[in-house]
Amino acid sequence: MKKICMLFFSFLFCFVSVLGKNPEREFRGVWIATVDNINWPSKPGLSIEEQKQEYIDIVEQIKELNMNAIIMQVRPTADRFYAKSSKEPWSRYITGESGKNPGYDPLEFFIEEAHKRNLEFHAWFNPYRITLKKGEEIPENHIAKKNPSWVIEYDKKFYYDPGNPKAREFTEDVIIDVVKNYDIDGVHMDDYFYPYPVLDKNKKVVSFGDNKSYKKYGNGLKLEDWRRKNTDIFVKELSQKIKQVKPYVKFGISPFGVWRNDDKDPTGSKTRAGAENYDTLYADTRTWIKNEWIDYIVPQIYWDFNLKVAQYDILVDWWINEVKGSNVNLYVGHAAYKMGGTKAWRNENELIKQIKFNRETGNVQGSVFFGFDKIQNNTLNIKNNLLEKVYSNKILPSTTPWIDTVPPRPITELSGKKIKDGVIITWSDFSKNYTDYYAIYRSTNKNFSELDSKYLIATVKKKYGMEYTDKEIKSGETYYYKVSPVDKVHNQGKAVQELILNF
């Protein structure tokens with residue numbers, strides 16, 4: 001986003017960063033899985049209204065927990081949850097039948113309802129998986145059926161071959177279609193590039209079966225190096241294409257929590273995990289960070305503080321060191337799905353301790369939770385603990401200064417009108433300002449900073465109007481309000497006006 005600094009009220013509001021005064025930002029996200037109807041919809045074949053209501057219930061809960069982002073799976077098995085691309089069939093997880101039109105555009109609805117609540121919406125794609133379960137057939141109307149050379153069968157499941165350039169480019173194009181046609185805030189992937197290996201009856205790893213493409217495209221590289229190169233090419237090319245289309249759309253990946261154990265590489269983590277990104281999944285996360293092909297990374301550190309083979313704090317510290325000095329934000333992926341399981345996860349404060357540890361380091365910029373059903377069901381009081389112990393206040397997401405640093409110009413004409421049960425605050429903005437949303441702050445003390453999240457009471461998307469109704473007031477108090485404009489990558493403009501209301 002290129003912006004021009006403007007002169008306003010005789011002051012030049014051109015900031016390198018407004019966050020220097022207060023680093024209190026945090027990405028708070030939740031993964032919502034659609035594969036096999038894990039989180040949404042609860043089962044295939046629901047009516048449109050039932051599907052929509054289930055999703056609204058999800059985003060309402062995310063908002064109520066003072067989170068600010070949803071990561072929604074929109075392409076779980078080389079299928080689609082969106083209308084504005086027809087390269088692959090509609091997902092059977094919506095209707096129960098592959099290719100059947102659900103009668104509306106789910107992705108458009110997802111984004112609209114998320115943005116109404118000013119939640120960031122990250123579209124989550126699985127790049128290479130075609131079928132989920134053993135023995136499941138590729139749908140007859142699928143492009144993979146027409147291009148068998150793109151496909152590898154492994155453990156009775158089907159995948160696009162990451163080593164086949166046409167299959168790789170096809171996946172990139174599918175994702176870019178979504179970037180072009182939808183108002184998403186991010187493109188997201190998890191840990192599935194090459195599949196996790198399976199063992200035969202003799203406990204030996206079954207070959208993935210990419211010998212043909214390796215022979216054709218290997219160019220003398222060792223098989224393992226060639227596979228890693230294929231993943232690197234995909235990440236690099238997709239990153240470049242996203243930024244060419246919409247530079248402000250963030251690209252993030254959530255890899256397995258261990259890059260390499262230090263018995264394989266002295267620069268790896270002091271762990272003994274059974275799987276590793278580099279050696280097992282052919283995903284060299286270090287290269288992605290070093291080359292800054294991604295805007296954020298969310299390692300799945302799905303272990304507790306007492307698990308010696310993969311200890312939570314040791315891994316967080318390792319990942320902090322990996323992103324140090326780079327233009328890549330570090331968020332941690334947390335195992336909400338484990339709550340109530342083994343001894344460590346029967347401690348209702350396990351996740352709370354992890355979040356507090358992240359904050360104490362000063363270098364982790366947020367958290368993402370997998371296992372939304374546990375949160376929905378308030379397993380081990382998780383919902384209450386989040387709200388009371390770590391997410392008691394609203395907060396703006398982390399910035400990405402390598403994308404853009406210039407904030408919007410301040411708002412004008414801030415005013416308030418008392419109503420029976422509160423006050424309506426209104427304001428104006430310049431038509432060509434770069435505002436995406438507004439942050440509304442309130443205090444009973446006159447001298448307060450709009451950069452301090454403890455005073456943040458709401459955020460309002462610009463497209464839904466420039467007003468906010470505050471009903472959380474008490475008789476006999478004097479309230480001070482400020483409204484700051486914020487752009488798409490969360491650069492915050494200055495609040496130059498203050499509204500004072502007596503009740």
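Student: Where does Lys133 lie, in terms of the loop and what flanks it?

Tutor: In this predicted model, Lys133 sits in the loop that runs between β5 (120–125) and α4 (143–146).

Student: And what does Lys133 touch, leaving out residues up to four places away in sequence?

Tutor: Its contacts on that basis are Asp36, Lys156 and Lys157, and with Asp36 there is also a polar contact of 3.2 Å between the two side chains. As for Asp155, which is 22 residues from Lys133 along the chain, the C-alpha atoms of the two are separated by 9.3 Å.

Student: Why is Lys133 classed as partly exposed?

Tutor: Because its relative accessible area is 42%, and the partly exposed class covers what falls between under 20% for buried and over 50% for exposed.

Student: Switching to Asp105, which side chain of opposite charge is nearest to it, and how far away?

Tutor: That is Lys84, at 5.0 Å, and Asp105 is buried yet has no salt bridge. The missing bridge follows from the distance, because a salt bridge needs the nitrogen within 4 Å of a carboxyl oxygen.

Student: What polar contact does the Asp105 side chain make, then?

Tutor: The side chain of Asp105 is joined to that of Tyr182 by a polar contact of 2.6 Å. Asp105 itself is placed in the loop between α2 (92–95) and α3 (106–116), and beyond its neighbours within four places in sequence it is in contact with Phe81, Tyr82, Ala83, Lys84 and Tyr182.

Student: OK, salt bridges. How many does the structure hold?

Tutor: The structure holds 36 salt bridges. One of them pairs Lys488 with Asp183, where the closest N and O atoms are 3.1 Å apart. Lys488 is in the loop between β19 (478–486) and β20 (499–502), while Asp183 is in the loop between α5 (165–181) and β8 (186–189), so this pair ties together parts that are 305 residues apart in sequence.

Student: Are those two partners buried or exposed, or something in between?

Tutor: Lys488 counts as buried, at 14% relative accessibility, whereas Asp183 is partly exposed, with a relative accessible area of 31%.

Student: Which residues does Asp421 link up with by a salt bridge?

Tutor: Asp421 forms a salt bridge with Lys471, and the closest N and O atoms there are 4.0 Å apart. This pair also links distant parts of the chain, with Asp421 in the loop between β14 (412–419) and β15 (422–428) and Lys471 in the loop between β18 (467–470) and β19, 50 residues apart. Asp421 counts as partly exposed at 40% relative accessibility, and Lys471 counts as exposed at 52%.

Student: Which residues are joined into one network by salt bridges that share partners?

Tutor: Asp183, Asp185, Asp436, Lys461 and Lys488 are joined into one network in that way.

Student: What about Asp263, which residue is its salt-bridge partner?

Tutor: Asp263 is paired with Arg272, with 3.9 Å between the closest N and O atoms. Asp263 counts as exposed at 52% relative accessibility, and Arg272 is partly exposed, its relative accessible area being 45%.

Student: Last topic: how many cavities of 30 Å³ or more are there?

Tutor: The count comes to 2 cavities of that volume or more, and the largest cavity has a volume of about 180 Å³.

Student: What lines the largest cavity?

Tutor: Its lining is made up of 19 residues, and Lys63, Asn68, Asn118, Ile395 and Thr459 are the ones that lie nearest its centre. Strand β17 (residues 456–461) gives the most to that lining, with 3 residues.

Note on methods:
Residues numbered from 1 in each chain as written. Predicted model: local features only at pLDDT ≥ 70, side-chain atom pairs only at ≥ 80, totals over all residues. Heavy atoms only, no water. Helix = DSSP H or I, 4+ residues; strand = E, 2+ residues; numbered from the N terminus. Buried < 20%, exposed > 50% of the residue type's maximum accessible area, 1.4 Å probe, protein only. Contact = heavy atoms within 4.5 Å. Polar contact = N/O pair within 3.5 Å; in protein donor to acceptor, adjacent residues only side chain to side chain. Lys, Arg positive; Asp, Glu negative; His and termini not counted. 1 Å grid on protein atoms, 1.4 Å probe; cavity = no way out; pocket = protein on both sides within 12 Å on 5 of 7 lines; lining within 4 Å. Points joined across faces, edges and corners; volume = space filled by probe spheres on them.
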